[in-house]
Amino acid sequence: MGKIVITGASGQYGRLATQGLIERGLARDLILMTRTPAKLADMAALGCEVRYGDYDDPASMVAAMAGADKLLLISGTRVGARVAQHQAAVDAAEAAGVGHVVYTSFIGIDDPANPAEVRHDHIETERLIRASGLAFTFLRDAHYADAMILMAGPGVMASGQWISNAALGKEAMVWRDDCAACAVAVLAGPGHENRTYDITGPELQDFAEVTALMARLTGVPLEYVAVDDEAQYAIFDAMGIPRRPVDDQYVGAIPWNSDDMVTFGAAIRGGFLAICSDDVERLLGRPARSVRQMIAENVEMLRGAAL
């Protein structure tokens, strides 16, 4: 089936996709591109080829992609600064003779009124991939349930409050694992060229409903508190979260920046992310996993955070 190159392969999504492809017996067909090859020594031991490549060093990416037929382009982490990096990756793919780019995009980006800052990065990246003439598959992932339940959830449990500027806007949060599994299905199977998939969870929910669900499953009283954008900024400022992205700066182990998160909440509030599809089931042959299941599988961790 040819070689598959994965950018950012040492990140969470990259490792999940790599593991899924290894489980399909494709280890020796994988080229893992990373700025930190030592982090992928375990994957190299399983038969994958690990190569140095950096979005900010275009020549390194051309060398890293040499011999690949497909590229899994995992979007960079610098919101507002990704288009130039992605352009360099697509240029490198063209130079290296890659034929098919699978890109991890984001839902709801077609509407120019969508205020989410991430929209610009993703719609522009999709545009430049189309303009390249390469075959493409766009995986428009919904908001990760992991981000809200596993990463933000312990803070909610500790404070007793879920505070958000999303009001009662709905979205269909999706497991990161399911997103990566969909990428594996596309990369390992035929017939996905020039297609766009909405990778979402199985149901639309607002954060008030999710808060009530967490309270019910954990037995801990929780309150949903809707705030405006300025109040949301003030909360993030007090936590020491920068307004703009800062490389390698983490707050609570998360590379947050508040411009991204506040505009994200505004997009949810405005209904721009109220998209629910069955594309996960069509790609994986099973339904997308739910927010309820994620909470249920992590009840003890969440309860522990409330003590």
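Is Gln19 buried, partly exposed or exposed? In this predicted model, Gln19 has a relative accessible area of 30%. Buried means under 20% and exposed means over 50%, so Gln19 counts as partly exposed. Gln19 lies in helix α1, which covers residues 12–23. In sequence, 161 residues separate Gln19 from Ala180, yet their C-alpha atoms are 9.5 Å apart in space.

A second part to look at is helix α4, residues 82–96. With 15 residues at 1.5 Å a residue, α4 should span 21 Å, and this agrees with the 21 Å between its end C-alpha atoms. Just after α4 comes Gly97, with a positive phi of about 85°.

Next, consider how α4 meets helix α3, residues 58–65. Their axes come within 8 Å and cross at roughly 45°. That angle makes α3 oblique to α4, and the crossing is right-handed. On the α3 side, the contact is made by Pro58, Met61, Val62 and Met65. On the α4 side, Gln85, Ala88, Ala89, Ala92, Ala93, Ala95 and Ala96 take part. Sorted by class, the contact of α3 with α4 has 10 nonpolar residues, 1 polar residue and no charged ones.

The spacing along a helix helps in reading such lists. An α-helix has 3.6 residues a turn, so residues three or four places apart point the same way.

The buried residues of α4 include Arg82, Gln85, His86, Ala88 and Ala89. Val90, Ala92, Ala93 and Ala96 are buried as well. The partners against which the buried residues of α4 pack are α3, β4 (68–73), β5 (100–106) and α5 (117–132).

Conventions:
Residues numbered from 1 in each chain as written. Predicted model: local features only at pLDDT ≥ 70, side-chain atom pairs only at ≥ 80, totals over all residues. Heavy atoms only, no water. Axes fitted to C-alpha atoms, helices over the stretch in contact; angles between N-to-C directions. Helix = DSSP H or I, 4+ residues; strand = E, 2+ residues; numbered from the N terminus. Parallel < 35°, antiparallel > 145°, perpendicular 65-115°, else oblique. Left-handed = near helix turned anticlockwise from the far one by under 90°. Contact = heavy atoms within 4.5 Å. Nonpolar A, V, L, I, M, F, W, Y, C, P; charged D, E, K, R; others polar. Expected span 1.5 Å × (residues − 1). Buried < 20%, exposed > 50% of the residue type's maximum accessible area, 1.4 Å probe, protein only.
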